[in-house]
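Here are some friendly notes to read beside the structure. Take the points one by one, and find each residue in the viewer as you go.

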Amino acid sequence: MTDVGISGGMIIQHMGTPAEVAAFFALIERHKSESANGALDLVTDRLFRRTVPGEQYDALVDQLAESRRILERVRISDGFWNEFKLGDRVEGIDRSAKTAADAFRKIFQSLDKAIHYARRDKEDIGYFRPVMLMAWEGPKSFEHESMPLEDFEKPDIRPIWME
């Protein structure tokens, strides 16, 4: 089983299993038409599939805040999680939560922390490193460590952290 983390700056934040992280992005994608301008592409495309460059951190933070507001309105009822085939292992989701935003609190916190550390890079080393999702452990983790950033940017890339 692989876990997913987010690399930002000098720290890699653990987020959960690939299925949990995929469920997080699927819910945001499903409800993004409810956003102020109907676009959360830095979250649903850039962060989900590729990298987010430092110049876009402010916009990413805004879109994550908007995603959180949207998921606060998504109520969790019996059977809500069944469609995501998450299994019994729970790492990034609070299945006892009443809203999707509360359920994904750990993922939102990991993203916030990674962006914070990535921003510190600008002060500490003089440039931004991109924020990206990575396999934290398992067979994909070695691939990510040696993968050039350009490979994350290939068109039509499937999220490489997914199994």
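**Notes on rings, charges and one serine**

1. Searching the whole structure, which is a predicted model, turns up nine aromatic pairs. A good one to start with is F24 with F108: their ring centres are 5.0 Å apart and the planes make an angle of 80°, an edge-to-face arrangement. Over 60 degrees is the cut-off for that name.

2. Now see where these two rings come from. F24 belongs to helix α1 (residues 18-31) and F108 to helix α5 (residues 105-124), so the pair ties together parts that are 84 residues apart in sequence. Are the two residues buried or exposed? Both F24 and F108 are buried.

3. Next, look at F25 and F48. Their ring centres are 4.9 Å apart with the planes at 50°, so this pair is tilted. F25 sits in helix α1 and F48 in helix α2 (residues 41-49), so the pair ties together parts 23 residues apart in sequence. F25 is buried, because its relative accessible area is 3%, and F48 is buried too, because its value is 13%; the cut-off for buried is under 20%.

4. Try colouring a group of rings together. F24, F25, F48, F80, W81, F84, F104 and F108 make up one aromatic cluster. Both pairs described above have their members in this list: F24 and F108 as well as F25 and F48.

5. Now for the charged side chains. How many salt bridges does the structure hold? There are twelve salt bridges. One of them joins D58 and R119, with 2.6 Å from N to O. D58 is in helix α3 (residues 57-72) and R119 is in helix α5, so this bridge ties together parts that are 61 residues apart in sequence. With a relative accessible area of 54%, D58 is exposed, whereas R119, at 31%, counts as partly exposed.

6. Another salt bridge is found within a helix. The side chains of E66 and R69 meet at 2.7 Å, N to O. These two residues are separated by about one helical turn, because they are three residues apart in helix α3. E66 is buried, at 15% relative accessible area, while R69 is partly exposed, at 43%.

7. E29 and K32 also form a salt bridge, with 3.4 Å from N to O. Here E29 is partly exposed, its relative accessible area being 39%, and K32 is buried, at 16%. The story does not stop with two residues: E29, K32 and D41 are linked in a network of salt bridges.

8. Finally, please look at S35. Where does this serine lie? S35 is in the loop between α1 and α2, and at 7% relative accessibility it counts as buried. The S35 side chain reaches the backbone nitrogen of A39 at 3.3 Å. If neighbours within four places in sequence are left aside, S35 is in contact with L40, E66 and I70. You have already met E66 as the partner of R69 in a salt bridge.

Note on methods. Residues are numbered from 1 along each chain as its sequence is written. This is a predicted model: local features need pLDDT of at least 70, side-chain atom pairs count only at pLDDT 80 or more; totals for chains, interfaces and linings use all residues. Side-chain values use heavy atoms; hydrogens and water are left out. Rings of Phe, Tyr and Trp (its six-membered ring) pair if their centres lie within 6.5 Å; planes under 30 degrees apart count as stacked, over 60 as edge-to-face and the rest as tilted. Helices (H or I, at least four residues) and strands (E, at least two) are DSSP runs, numbered from the N terminus. Buried means under 20% relative accessible area, exposed over 50%, partly exposed in between (1.4 Å probe, protein chains only). A salt bridge is a side-chain nitrogen of Lys or Arg within 4 Å of a carboxyl oxygen of Asp or Glu. A polar contact is a pair of N or O atoms within 3.5 Å; within protein, one must be able to donate a hydrogen and the other to accept it, and residues adjacent in sequence count only if both atoms are side-chain atoms. Contact means heavy atoms within 4.5 Å.
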